[in-house]
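This report goes through one structure, shown below. It takes up salt bridges, the sheet, a helix packed on it and one histidine.

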Amino acid sequence: MALETHPNWFYDFSPMKTLILGSFPPHQSKHAFPFYYPNKQNRFWKVMSQISGIALQADFSDTEKVIEERKAIMRKLSVGIHDVALQIVRKNNSSLDNNIEIVTYQDIVSIVQNHTEMERILLLGFSAKNSAAHSFLRYLEAEKIKSEFPSGFRIKANNSFSVFIDARKIECVILNSTSSASAVQVPQLVEQFRKYLV
């Protein structure tokens, strides 16, 4: 299993009121374009398109237009996107979070510090041990970031907790994965995500 380093895809713009975190991109062989959620089977951009009202029209052969459409959605919704892991090892080129092991984390704290307007972090996926939710919680522990959990907190969809960075309180919400492996359908995902994005 070879070490994989996350592509340099981070798109920094302002205002970025919400940061969406996934785990790590699928294997490069499954990329339809070089940007977040590049697997055509993943429903992420379909969900974001419906919420933003910006149609996804570009052909995948026009990489520049494909990425610009997605950046336009991000700007309209004031949403940044990144992944928790910086480096991983992967089993059998699998896209499943169960088949990756995180070696090093991204510097998520710096993104929050660079965006004083940021209000929340959305964590997509929680069932696998290396899902965004589980990985982010391990990142917080490793970085000794103060966190606050409600009584009876469990790692599941629509549950939330808070982190404190530079005396700012940031809401963190766990949402369902948009992977096609998830049983949650697109209308449910749109309804769930919309609460935090508009």
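## The salt bridge at Arg 120

In this predicted model, Glu 171 and Arg 120 form a salt bridge, with their closest N and O atoms 3.5 Å apart. Glu 171 belongs to strand 9 (residues 168-175) and Arg 120 to strand 6, so the bridge ties together parts that lie 51 residues apart in sequence.

The two partners differ in exposure: Glu 171 is partly exposed, its relative accessible area being 30%, whereas Arg 120 has a relative accessibility of 17% and counts as buried. The cut-off for buried is under 20% relative accessible area, which is why Arg 120 at 17% falls into that class. Glu 119 also takes part here, since a network of salt bridges links Glu 119, Arg 120 and Glu 171.

## Other salt bridges

The structure has 7 salt bridges. One of them joins Glu 4 and Arg 90, whose closest N and O atoms are 2.8 Å apart. This pair connects distant parts of the chain, with Glu 4 in strand 1 (residues 3-5) and Arg 90 in strand 4 (residues 85-90), 86 residues apart. Glu 4 and Arg 90 are both buried.

Glu 148 and Lys 169 form another salt bridge, with 3.4 Å between the closest N and O atoms. Glu 148 sits in strand 7 (residues 147-148) and Lys 169 in strand 9, so this pair ties together parts that are 21 residues apart in sequence. Glu 148 is partly exposed, at a relative accessible area of 40%.

## The sheet

Which order do the strands of the open sheet follow? The sheet is built from 6 strands in the order 3-2-6-9-8-7, with mixed pairing. Strand 3 and strand 7 are at the edges and have a single partner strand each, so one side of each lacks a neighbour in the sheet.

Strand 2 pairs with strand 6 in the parallel sense, over 4 bridges. Thr 18 has Arg 120 as its bridge partner in strand 6. Arg 120 thus appears twice in this account: as the bridge partner of Thr 18 and in the salt bridge with Glu 171.

## Helix 1

Helix 1 packs on the sheet, where it touches strand 2, strand 3 and strand 6. The direction of helix 1 makes about 170 degrees with that of strand 3.

Why is helix 1 largely enclosed by the rest of the structure? Helix 1 spans residues 44-52, and 7 of its 9 residues are buried, so the rest of the structure largely encloses it. The buried residues are Phe 44, Trp 45, Val 47, Met 48, Ser 49, Ile 51 and Ser 52. Their cover includes strand 2 (18-22), strand 3 (79-83) and strand 6 (120-124), along with helix 2 (63-77) and helix 5 (186-197). Just after helix 1, Gly 53 has a positive phi of about 80 degrees.

## His 82

Strand 3 also holds His 82. Is His 82 buried or exposed? It is buried, with a relative accessible area of 7%.

The side chain of His 82 makes a polar contact of 3.3 Å with the side chain of Gln 106. Leaving aside residues up to four places away in sequence, His 82 touches Leu 19, Ile 20, Leu 21 and Gly 22, as well as Phe 10, Tyr 36, Gln 106, Ile 108 and Ile 111.

Conventions. Residues are numbered from 1 along each chain as its sequence is written. This is a predicted model: local features need pLDDT of at least 70, side-chain atom pairs count only at pLDDT 80 or more; totals for chains, interfaces and linings use all residues. Side-chain values use heavy atoms; hydrogens and water are left out. Buried means under 20% relative accessible area, exposed over 50%, partly exposed in between (1.4 Å probe, protein chains only). Helices (H or I, at least four residues) and strands (E, at least two) are DSSP runs, numbered from the N terminus. Contact means heavy atoms within 4.5 Å. A salt bridge is a side-chain nitrogen of Lys or Arg within 4 Å of a carboxyl oxygen of Asp or Glu. Two strands pair if DSSP finds at least two bridges between them. Axes are lines fitted to C-alpha atoms, for helices over the stretch in contact, and angles run from 0 to 180 degrees between N-to-C directions. A polar contact is a pair of N or O atoms within 3.5 Å; within protein, one must be able to donate a hydrogen and the other to accept it, and residues adjacent in sequence count only if both atoms are side-chain atoms.
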